Every structure is written in C-alpha cells, then in structure tokens.
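Let's take a walk through a protein chain together. Have a look at the picture first, then read on.

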Amino acid sequence: MTLTSPDTTAVGGRPVVPQRGALRPLGLGEVRVTGGPWARRQELNATATLPHIRSWLDRLGWTANFAAGHSSPDRRGREFSDSEVYKLLEALSWEAGRGGDPAVDAAVVELTGLVAAAQAPDGYLGTAFGGPGRPPRYGDLAWGHELYCAGHLIQAAVARARTAGPDRLLDVARGVADHVCAEFGPDGRQGVCGHPEIEVALVELARVTGERRYLDQAALFVERRGRRTLPRHGFGWSYFSDDVPVRESTSLHGHAVRALYLACGAVDVAVDTGDDELLRSVAAQFDHALARRTYLTGGMGSRHTDEAFGPDFQLPADRAYSETCAGVAAIMLAWRLLLATGDGRYDDVVERILHNVVATAVADDGRSFFYAHTLHQRTPTAEVSDDEEQLGFGGGPRAPWFEVSCCLGNAARLLASLACYTATADDTGVRLHQYLDAEIDTRLADGREVGLRVRTDYPDDGVVTVRVVKTDDRPWSITLRVPGWADGAVLATTYGRHPAPVGDVVVHRNFAVGEEIRLELPVRPRFTAPDPRVDAVRGCVAVERGPVVYCAESLGDVDLDLLRVDPSTPPVDTPHGVEVRARVDHPADAPWPYGAPATPTAGPHAPFTLVPYHRWARRGPSTMRVWLPAD
C-alpha cells in the first residue's frame, strides 16, 4: 500500500517532507546560504570536519568493521559505532547536494559500497551482532542499539535519495527496513530499541518510497513505547523512554537525546497518520520542557549521570549537560512542530539553539568539539591531546574525538543541511525563519516562480534586507519573523516605516523586481533574570544580545566565582564585547565555611567585558560563567 506520490526524485533535498502541515519546507535546491558566519561554518564543515570524522573512523577501525562483515570477532568500537559511519554518510550526502563537489559524491559512493558489502541476505546490517564470535541479533534490545544504528543508516539513505536520487544506498536501506518490519511487525518481536531513532527514520523512508508499511511500523514502535518491555535499570525505565506511553506523558523526560528523537518520530507519525491527539500531546510535552527544563542557551539535559532532563527548574549552571546531540535533536523537533502547526515561536527555539549550542560546539579549525555544554566552568579547561580519544564528556576544551563521538556527526549533518531550516512556503508566499545571507528561488502553491535575496550581518547587526529578484504581476506574501526578545522592531518598505510587533509580520502585495523590505531588529545587550524557581541561579543575572547569550571568561586573571554584577547599570556594546559594571568580593577564609551572615569585603565597581558564549574556550584554558551574581 502506498502513501501519496513517493518523494524519490532529487527535488530540493529536504530533511523533513511531511505529508501534510501548515508549511512546505524548502530544500537545498531552493535555498542557498551565501555568506556570513553560517556560510563559513558550512565551508569549514565541508573542508575540515567531514574529513576529520572520516580519518578518525578509519583510524579506530570503525569503517573496517564493515569490510570484515560478520566474520570477525575482533570488531572495534562500541556497539553503536556503526551509527557514526552512517551519520557521516548522511552528512556527506547533504554536503554533496549543497556544494556539488564530485569528491564528496565519490566519498558517498565509496562508503556505500563498504556498507553494502556487510549486509546479510535477509537485509540485516550490523557489525556488532550476529556473526561468529559476536552476540546474537536482538539479544540486548536495551543496550544493543541495533535499531538505532538501522535508523541512522536509513536517514543517510533518505538524504542521498533527496539530493542525488535513488541509488544503491536506498536499496540497502530498504533491505534493512524490510527486515525490521518482518522482525518487529505485528506478528514479530514485541520489543523496542533502548535508544529511539528508528521511528523518525522509518517515517522519512515511507515518505521517500511511498511505502505505507514503513509508516505503520514507525507508528507501532511509538505505541509500544512506555510499556516497560525493556529490562529494569538503575536509571529507571525513563532512561529508555519506556516508562510512560508517549501520548500519556506530560513533559519530555529521561535521557534527553532519546526523549527528543522519540518525540520527533511521534510528530512524524502523527502528521502522516492524521493523529492530531498525538501531535497535541507531543507539542504540550515540548512546551512544558521549554518552560521548565531548558537552559538559557536552549540546551536540554541537566543531569550528567544519566544524560537526562531533570525535574522542573532543576537547571544547575555548573552541572549543565546540554549535550550537542540534544541541541540537534531539539532543532529537529522544533522544526517538525513548526511545519505541522505554522507556529512561529518554534523559530525562536531553533534560533536560540543554533547560536548558543551548535555555534559553540565545534572549534575554529573544525577538528574538535564539545560533547557537553556547561554554563559555569569553575576550573580552567584541561588541555587534551589532539590524537587521543577522550573518555570523559565535560570539562573541555573541545576534544578531537570521544569514545562516544555521536555529537560531531550530528553537528556535521545539521550544518550541511542548514539551508533547509531557513525558509518555507505556505499557501500565499514565502516565510523566512532564520536570518542569514541567502538566496531563495522557489515556486508558490500555484506554480509561480519567485526569488528573494537576503542580506544581513545578523546577529551582530539587527538589519535584515530582503530584495525581490523574481516575481510576476500578481500579489503574494513575504513573511518575516520578529523574535520574542525584539520589542521595538521596525519594518521599512516602499510605503514607509512601521512598528513590527513580536511574531510574524506579513507583507502581501504585488511586488516589483528590485523592491526591498528592511527589518530592523533592536540588537542590543540586555540583562536577563531567571525564574525564581531555578534555585541554582537565584539572585543571578545573565546578559543576552539579540539571540546570543554572553558569558564572563577568564584566562586566569580573575576568579569569576567572586564576581558580582551591578544590574542597575545597563550593559553596553564595546568593540571587544559587552561591558557590564562589576566588582570582586573578597570573603575571609575560615576553618568552617558556615556561620553568621557577614558583609563581604568588596572591591570597587569597574567595567568588565563579556564575550559571546559561543566564543568561550577558544583562546586557551579558561574558566567561564553565564549566570553572574547580582548586587
């Protein structure tokens, strides 16, 4: 049984292609990032990060696992290391579609051949299980990650099909998916994978191929969740997203990446099956997590022990986990909910995470990265070797590789496909969601061709200029977004300057080629206070400038734990960052750290310069804090 027309042609190259929804996403064939910091990050991703990932996969033997197939008991890497090869394949597929480099395309073909050679006749593909000297297939659903790895392979094949057309990789993925449906269908194994991922992959494969059985299998996995079919664990069933049925949960909880991946799959299932109850439930869970379980940076996950969401308002700055993978997964979820509902507040979520998690993660040379994102580094970041994989995930600086290196591949696939999260079309015109230099060339619902040229230095500067470069003599709309922080924005058009309220601003008329719309956002530094229920940072303030969070950083000259800020003096821009008025306390040492309240000895207030959070730990070992105690 088929769905609607299968999306098997290389039209646009869109990561998410829902069967219905308020907005139609534009893809790589319709949007191109042309300049500014994100274009530089994309180029760095292509020229440094992707080769870096491949070199480590080869060095550690994770690619060689496929060459050995199921015949070698000497497989190297963790049980989920196959997924890192698949994420690289996906990132390369998006990059080949974005940049058109024949060498990148050749790398996709080469890796596809390596992976395909390891596929079993029944479609199973996994180097950690089933072969001589290896554990049996599906003998450890909680920790084996077999379906998780299969999901990443399928997503790589979807990316390839949507950028280059169906090829051998899609054939491999269909074999894997057919095997999964046979093994875990209604009459097969009744379990779920300990790490969600297969759900979102199966839905996108259904969209690519038009095969309904893949969507049905994804829906079956979503409904099986929360039945406690996986073994008990010290972290609880919530660690595996198996404690509460998806549609009965009230908030995202448990292991942050698992919860977010599952939520993405649930949204996809809900959209394509018309299950509005499930869609509303997941949206409500995300809203709850955003309101009570999310860091100022947009990071998610406050517990190192189980990489999990904590209870409401448990958001300690110095123990923030805020994994890079969770940031990527939260963007995936926010984007899906935006497409389904048209609610522009999800744009603010994507923007916050992009500028404060994704932009922070990867080093300036593209060859090291943060796994976790603390908001308070009390001791100087440790030096790490550039040729040794790291076992710990926090304490930086950015490391070239970790024993578990899921984050760099995740960041790479997002950066390669970033243009796809920039703009959409609706029934009346084009909507801009993220502000960066870009060219947009697409067709409206009625088939008309339209084109836009976006120019901006955002977020350094708040001016966004949109020029119409292709149109006809009929009216259509251009919708811009005024972020939630941007009170006082102004929209300037041919017909004058007007206040632009927070939310969507729609300009609908018969445009002329060369006509410009200018959005002026009040990008200036401001103090931000936490909800008083966030006990860990009560009495503190942070500084934001536009969507960018700032931090205090010290290379050893200042003890940041003694810094106090004067919030009565507004922060101001300087050529080197944002300046605040601050002083340093000098409490007296004592043999016992408790006693009657005392007045600390304080130095005078003086200017102190903060830097963007995404720039911290780039100049050498340093301490850092986002939340600053206030006088």
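Is C149 buried or exposed? With a relative accessibility of 5%, C149 is buried, because the cut-off for that label is under 20%. Keep in mind as you read that this is a predicted model.

## The chain as a whole

Let's zoom out. The chain holds 13 helices and 23 strands. Its radius of gyration is 25 Å, close to the 25 Å that the globule rule gives for 631 residues, so the chain is as compact as a globular protein of that length. If you follow the C-alpha trace along its principal axes, it spans about 75 × 75 × 45 Å.

Buried residues make up 61% of the 631 residues. Now look at who touches whom: of the contacts with a separation of 6 or more, 69% are between residues 24 or more positions apart.

## The nonpolar cores

The largest nonpolar core has 176 residues. Inside it, the residues with the most contacts are L260, F286, L333 and L521. Which helix gives the most to this core? That's helix α11 (residues 324-341), with 14 residues. Another core lies apart from it, made of 21 residues, among them Y295, V611, Y613 and W616.

L521 makes a nice example to click on. Setting aside residues up to four places away in sequence, L521 touches Y435, Y458, G462, V482, P483, W485, A486 and A489.

## Two helices under cover

Helix α7 (residues 198-209) has 12 residues, and at 1.5 Å a residue they should span 16 Å. The C-alpha atoms at its ends are indeed 16 Å apart, so the two values agree. How many residues of α7 are buried? The count is 12 of the 12, so α7 is largely enclosed by the rest of the structure. The buried residues include I198, V200 and L202, and also E199, E204 and R207. They pack against α5 (146-164), α6 (168-184), α8 (212-224), α9 (256-273) and α11. Just past the end of α7, G210 takes a positive phi of about 80°.

One of those packing partners, α9, is worth a stop too. Its 18 residues should span 26 Å at 1.5 Å a residue, and its end C-alpha atoms are 26 Å apart, which agrees. α9 is mostly covered, with 17 of its 18 residues buried. After α9 comes G274, whose phi is positive, near 75°.

## A spot on helix α10

S281 sits in helix α10 (residues 276-292). This serine is buried, because its relative accessibility is 12% and the cut-off is under 20%. Leaving out neighbours within four places in sequence, S281 is in contact with V246, R247, E248 and S249.

## An open sheet

Time for some strands. Five of them form an open sheet with mixed pairing, in the order β1-β4-β5-β9-β12. Which strands stand at the edges? They are β1 (24-25) and β12 (503-509), each with a single partner strand, so one side of each has no neighbour in the sheet.

Within the sheet, β4 (residues 423-425) and β5 (residues 429-432) pair in the antiparallel sense over 3 bridges. You can spot the pairing at A423, which stands opposite L432 in β5.

## A proline in a loop

P475 lies in the loop between β8 (463-470) and β9 (476-482). At 42% relative accessibility, P475 counts as partly exposed. What does P475 contact, apart from its neighbours within four places in sequence? The list is R448, H508, R509 and N510. Try comparing sequence with space here: P475 and A512 are 37 residues apart in sequence and 9.8 Å apart in space, C-alpha to C-alpha.

## Back to the cysteines

How many disulfides does the structure hold? The number is 0. A disulfide is a covalent bond between the sulfur atoms of two cysteines. C149 is in no disulfide, and the nearest cysteine sulfur, that of C193, is 8.0 Å away.

C540 tells a similar story. Its sulfur is 14 Å from the closest cysteine sulfur, in C551, and that is too far for a bond. C540 is buried, with a relative accessible area of 11%.

Technical notes. Residues numbered from 1 in each chain as written. Predicted model: local features only at pLDDT ≥ 70, side-chain atom pairs only at ≥ 80, totals over all residues. Heavy atoms only, no water. Helix = DSSP H or I, 4+ residues; strand = E, 2+ residues; numbered from the N terminus. Buried < 20%, exposed > 50% of the residue type's maximum accessible area, 1.4 Å probe, protein only. Contact = heavy atoms within 4.5 Å. Core = buried A, V, L, I, M, F, W, Y, C linked by side-chain atoms within 4.5 Å. Pairing = 2+ DSSP bridges. Disulfide = S-S within 2.5 Å. Expected span 1.5 Å × (residues − 1). Rg over C-alpha atoms; globule rule 2.2 N^0.38 Å.
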